[in-house]
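This report introduces one structure to a reader who has not met it before. It takes up a helix, a nonpolar core and a domain annotation in turn.

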Amino acid sequence: MIFIDACFKKQTPYTPVWMMRQAGRYLPEYMKVRSQAGDFLSLCKDYKKASEVSLQPVDILGVDAAIIFSDILVVPLEMGMELKFEKGEGPTFLNPIKDDRDLDALDIDKGVKNLNYVYDALKLTREQLSTDKALIGFCGSPWTIATYMIEGGGSKNYAKSKKILYQDPEFLHRILSKLTQVLKLYLEEQIKSGANAIQIFDSWASALEKDAFFKFSFKYMLEISDYIKNKYPQIPIIIFPKGISGFLDEIDGNFDVFGVDWSTPLKLAKEKLSYKYTLQGNMEPCRLYDKSSIKTGIENMLDIMQDTPYIVNLGHGILPDIPVENAKYFIRLVQESSKR
């Protein structure tokens, strides 16, 4: 698999490419399946439909890897929290974590077992996916998931989460530790079900100052990565902590690929990290609105990374109103421009 080879810094015939949120609302085919499923959570829990939308970007766009369709918040949901996705408002937990009693009520074993629909979707997708295409499993970082559990949903300033961080850091560590335990087992089950690679999304890393990032976020991602790499060394681990360009000097750990968000200069990431890790990402998602901007962006990225193993991706998820033709153009141009 070209994607897996690139993760392990092996020579590839061209630079592999996929897109975060590639199974999504910009595809009419996705919207058709979504309307059949009902709401978002129903789509996540219908393993046949989740598999179908996971495969769509491979069939329609020609990406080099599929990522399983799910959501990072199904983990606390199945541990016992009540989750709703309100139209226009995003995810909402009706019973946010406030104290040890709330935390103790969450069940690790139940959380892992109740996620069978994710494992079934992975098995079905791996069966139907071409053998030269990789299947990516994923989870959110403990810190990112914890912010939703504490805030009750998305947040602009993460005040509740950071209030706990500074006033009662031990309680936050207990939350993060419990999430870390369930995520290790969850990812292991994903690998057993057919995932060829794992990505850990730390979407809200940039909410933390430097010391807090390494103590409350990166530490736990590394614990998960160490667990997986020790048991499954053949499975590449991708770490994607968004918005930490000022901390790159101190990034070090047992993983294979570092995801570069669009706000981090690719030259800087290459200078600091490419001797240790394959880099992935960095294209500004809004460039996909315009073909000439796509072309310029690809030329810049491939020029910077021409002598180094690399995986092209966006620096965050694809937006829902991107024209499908532009997404196809992006994938095709990467593959054609980077042929060796």
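A residue is called buried when its relative accessible area is under 20%, and exposed when that area is over 50%. The model described here is a predicted one.

With these terms in hand, helix α2, which spans residues 28-37, can be described by its two sides. Its buried residues are Y30, V33 and A37. Because these residues cover an arc of only 70 degrees around the axis, they fall on the same side of α2. The other side of the helix carries P28, K32 and S35, which are exposed. Among the elements that cover the buried residues of α2 are α3, at residues 40-45, and α4, at residues 47-61. Just after α2 comes G38, which adopts a positive phi of about 105 degrees.

In soluble globular proteins, nonpolar side chains tend to be buried together. In this model the largest nonpolar core has 130 residues, of which F3, M19, F213, I251, F258 and F330 touch the most other members. If residues up to four places away in sequence are not counted, I251 touches F213, F214, F218, I244, F258, L273, K276 and Y277.

An unreviewed UniProt entry places the feature "domain: Uroporphyrinogen decarboxylase (URO-D)" at residues 16-25 and 136-152. The table sets out the computed values for these two spans.

| Span | Helix | Strand | Distance between end C-alpha atoms |
|---|---|---|---|
| Residues 16-25 | 0% helix | 0% strand | 23 Å |
| Residues 136-152 | 59% helix | 29% strand | 28 Å |

Definitions and conventions. Residues are numbered from 1 along each chain as its sequence is written. This is a predicted model: local features need pLDDT of at least 70, side-chain atom pairs count only at pLDDT 80 or more; totals for chains, interfaces and linings use all residues. Side-chain values use heavy atoms; hydrogens and water are left out. Buried means under 20% relative accessible area, exposed over 50%, partly exposed in between (1.4 Å probe, protein chains only). Helices (H or I, at least four residues) and strands (E, at least two) are DSSP runs, numbered from the N terminus. The arc is that of the directions from the helix axis to the C-beta atoms. Contact means heavy atoms within 4.5 Å. A nonpolar core is a set of buried Ala, Val, Leu, Ile, Met, Phe, Trp, Tyr and Cys residues joined through side-chain atoms within 4.5 Å. UniProt positions are given in the numbering used here, feature names are shortened, and annotations may be inferred rather than shown by experiment.
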